Structures are given as C-alpha cells and as structure tokens.
Amino acid sequence: MNNAEYLSVVDTAVSLWQLDNGLQIRGPEALRFLVVETGCRYFSELGFPDVIYAGLRIGHLGRSSLRFELGLFRNDTDTASAEAFFAQVNVGKDGRPAPIPDAVRRVFETLA
C-alpha cells in the first residue's frame with residue numbers, strides 16, 4: 001500500500017468515528033475542523049487483500065484542537081502495522097481557532 005493510502009485510511013477512520021458518534025462533518029450544521037498536522041510510522045506492510053482495523057484514541061484535547069492517535073492493524077494481528085496521528089483545529093467562520101462546543105467535547109472525551 002502506498003504511503004499516502006495510510007493517511008487516507010486514517011482520515012476515513014476518524015471521519016467514520018465522528019459520524020458514528022453523531023458529529024456532523026459536512027453541511028450547515030457541521031463544525032469546521034481543519035487538519036493541521038498528520039504523521040505515520042510504519043512497522044510492517046499493509047495491502048490488498050488485508051482487512052485493516054483502526055484503533056483510535058484522543059491523545060490531546062485542548063480548547064480548540066485535538067489529536068487523534070491511531071494504530072492500524074492487519075487482519076487478526078495484535079501488533080500494529082502502523083501508528084499514526086491526525087491533529088485538527090476547530091475554526092470559526094473567520095478562519096480563526098474557536099472553542100470546541102461542550103456537547104462536542106463530551107463526545108471527544110469518550111476517546112480521551
């Protein structure tokens with residue numbers, strides 16, 4: 001699997017978790033979380049036809065930002081094939097950092 005695909009899997013895992021937990025990621029009701037940093041460390045190769053599982057946690061939850069940390073696992077293995085992070089900042093209509101609303105913060109706290 002190409003290196004860029006790992007970050008695509010990470011982005012998809014975070015987005016699906018947000019949707020599964022009732023957070024709007026598109027449309028007029030959605031908050032605007034911008035990705036400000038990503039990274040990935042590779043330990044073993046992932047690729048077709050592997051089934052990839054993502055374990056998520058929030059390693060940092062600030063006033064306006066958060067950092068998702070993920071382990072990517074191949075098939076039924078207990079050891080991560082990759083370790084990644086995905087940092088986001090909530091911004092207002094002016095594009096400046098804005099506090100994460102309390103209701104949304106409570107959802108994020110379930111992974112913190």
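How do the residues of the lining of the second largest pocket divide into nonpolar, polar and charged? The model here is a predicted one, where local features need pLDDT of at least 70, side-chain atom pairs count only at pLDDT 80 or more, and totals for chains, interfaces and linings use all residues. Numbering runs from 1 along each chain as its sequence is written, and side-chain values use heavy atoms, with hydrogens and water left out.

The largest pocket (on a 1 Å grid over the protein atoms alone, an open set of points where a 1.4 Å probe fits, with protein on both sides within 12 Å along at least five of seven lines) comes out at about 230 Å³, a volume being the space filled by probe spheres set on the points, joined across faces, edges and corners. Its lining (residues with an atom within 4 Å of a point) takes in 16 residues, with Gln18, Gln24, Ile25, Leu31 and Phe33 nearest the centre. Helix H1 (3-20) gives the most, four residues, and strand S1 (32-42), strand S4 (82-91) and helix H2 (102-109) each supply at least two. Helices (H or I, at least four residues) and strands (E, at least two) are DSSP runs, numbered from the N terminus.

Next comes the second largest pocket, at about 180 Å³. Arg57, Glu69, Leu70, Glu83 and Ala84 sit closest to its centre, out of 16 lining residues. Two or more residues each come from S1, strand S2 (52-61), strand S3 (65-74) and S4, and S3 gives the most, with five.

As for the opening question, this second lining has eight nonpolar, three polar and five charged residues. Here Ala, Val, Leu, Ile, Met, Phe, Trp, Tyr, Cys and Pro count as nonpolar, Asp, Glu, Lys and Arg as charged, and the others, Gly among them, as polar. In the lining of the largest pocket, the split is nine nonpolar, four polar and three charged.
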